[in-house]
Amino acid sequence: MTSANGTCEGGARHSVLFFLVLFYRQVYAAVIDFSFYRTIFEQGLRQTLLYLLYLAAHVAAILTLIFVWHYGPAFLEISNWAEENFPPLEVRDGQLFVESEQPLVKKYPGRQLITFVFDTTGTYEDPQQLEEPSFLFTREKLYFRILGQTQTYLWKEWPFRKVEDFTRFVKWAYFPTAYSLIFVYTTLAKGLWALILTSIGLLATARSDIRLPFQQYFTIALYSLTPAIVIDLAVRMTGLEVPLFPFLYLITAALYTYMATYKCVVVE
């Protein structure tokens, strides 16, 4: 005999599985079949927003893994090197204490040379005098300089007493933190881009002198982002730098929005 609780849990699992299968089918169709948009542009806003959430969840998961794949080994290598080469460091009462003669300069000898300078004596106060990329550890501040820009962090805002605590925290907290941040950003960014792309949909229907409800323009635009997102993820997986790729991304989304919207209103 099945309990009520077991029935509910089984129904929930079945519902999630159903929506996952439906989501994958819609992603595939949104990329290869413009006639697919005729089947979804009149759907309710709830289904459209659910697609956005599923899309953001998958993008966040994939990007989180991509960042680990491309940058994780380098982070671990630098962390291990730092544990062996950094002097003992400790943050107390908003100030950094370094158990070593200073100024002390250490250079990470990786594929990208990184300079680390430890100086609580005041000899080094301007990070611009250091070769980039570089980190300057002073009594009250940590400077990070790269590409001509300097980022400054106050030790009094540092939640860790030792650098080792920070590296351990990053290793433990990376996945939930990165996934959550990327998920929220993707949800908001893709929703905003869909709103912007509704203007492309308006241009498409102007050819037929037809006006759709705004919700339908939004649904078409959101689904039309799918091909651009798929291309973006594929490029990120390769780790290649593609010149003007953001422009290509927008062109792809705009073309799909225009063609999909026109397909929804034209009579064949």
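## The β6–β7 hairpin

A good place to start in this predicted model is a single bridge: Ile146 has Gln149, in β7, as its bridge partner. That contact belongs to a longer ladder, for β6 (residues 141–146) and β7 (residues 149–154) run antiparallel to each other and pair over six bridges.

What happens at the turn? Two residues sit between the strands of this hairpin, and Leu147 adopts a positive phi near 50 degrees.

## Helix α3 and its bend

Now for helix α3, which covers residues 45–85. Its 41 residues should span 60 Å at 1.5 Å a residue, and the C-alpha atoms at the two ends are 56 Å apart, so expectation and model agree.

Where does α3 bend? Look at Tyr71: the helix turns there by about 50 degrees, and Pro73 follows within four residues.

## A salt bridge that reaches strand β6

The structure contains four salt bridges, and one of them brings us back to the hairpin. The side chains of Glu132 and Arg145 meet with N to O at 3.1 Å. Glu132 belongs to the loop between β4 (113–118) and β5 (134–137), while Arg145 is part of strand β6, so this salt bridge ties together parts that lie 13 residues apart in sequence.

Are these two partners buried or exposed? Arg145 has a relative accessible area of 10%, which is under the 20% cut-off, and so it is buried. Glu132, at 32%, is partly exposed because its value falls between 20% and 50%.

## A salt bridge within helix α5

Another of the salt bridges joins Asp232 to Arg236, with their closest N and O atoms 3.2 Å apart. Both residues lie in helix α5 (residues 214–238), and the four residues that separate them make about one turn of the helix. An α-helix has 3.6 residues a turn, so residues three or four places apart point the same way.

Here the acidic partner is the buried one: Asp232 has a relative accessible area of 15%. Arg236, in contrast, is partly exposed at 36%.

## Arg92 and Glu90

One more salt bridge is worth a look, that of Arg92 and Glu90, whose side chains meet at 3.5 Å, N to O. Side chains of opposite charge can pair when their charged atoms come close.

How accessible is each partner? Glu90 counts as buried, with 16% relative accessibility, whereas Arg92 is partly exposed, with a relative accessible area of 34%.

Terms used. Residues numbered from 1 in each chain as written. Predicted model: local features only at pLDDT ≥ 70, side-chain atom pairs only at ≥ 80, totals over all residues. Heavy atoms only, no water. Pairing = 2+ DSSP bridges. Expected span 1.5 Å × (residues − 1). Bend = angle between axes of the 7 residues up to and from the residue. Buried < 20%, exposed > 50% of the residue type's maximum accessible area, 1.4 Å probe, protein only.
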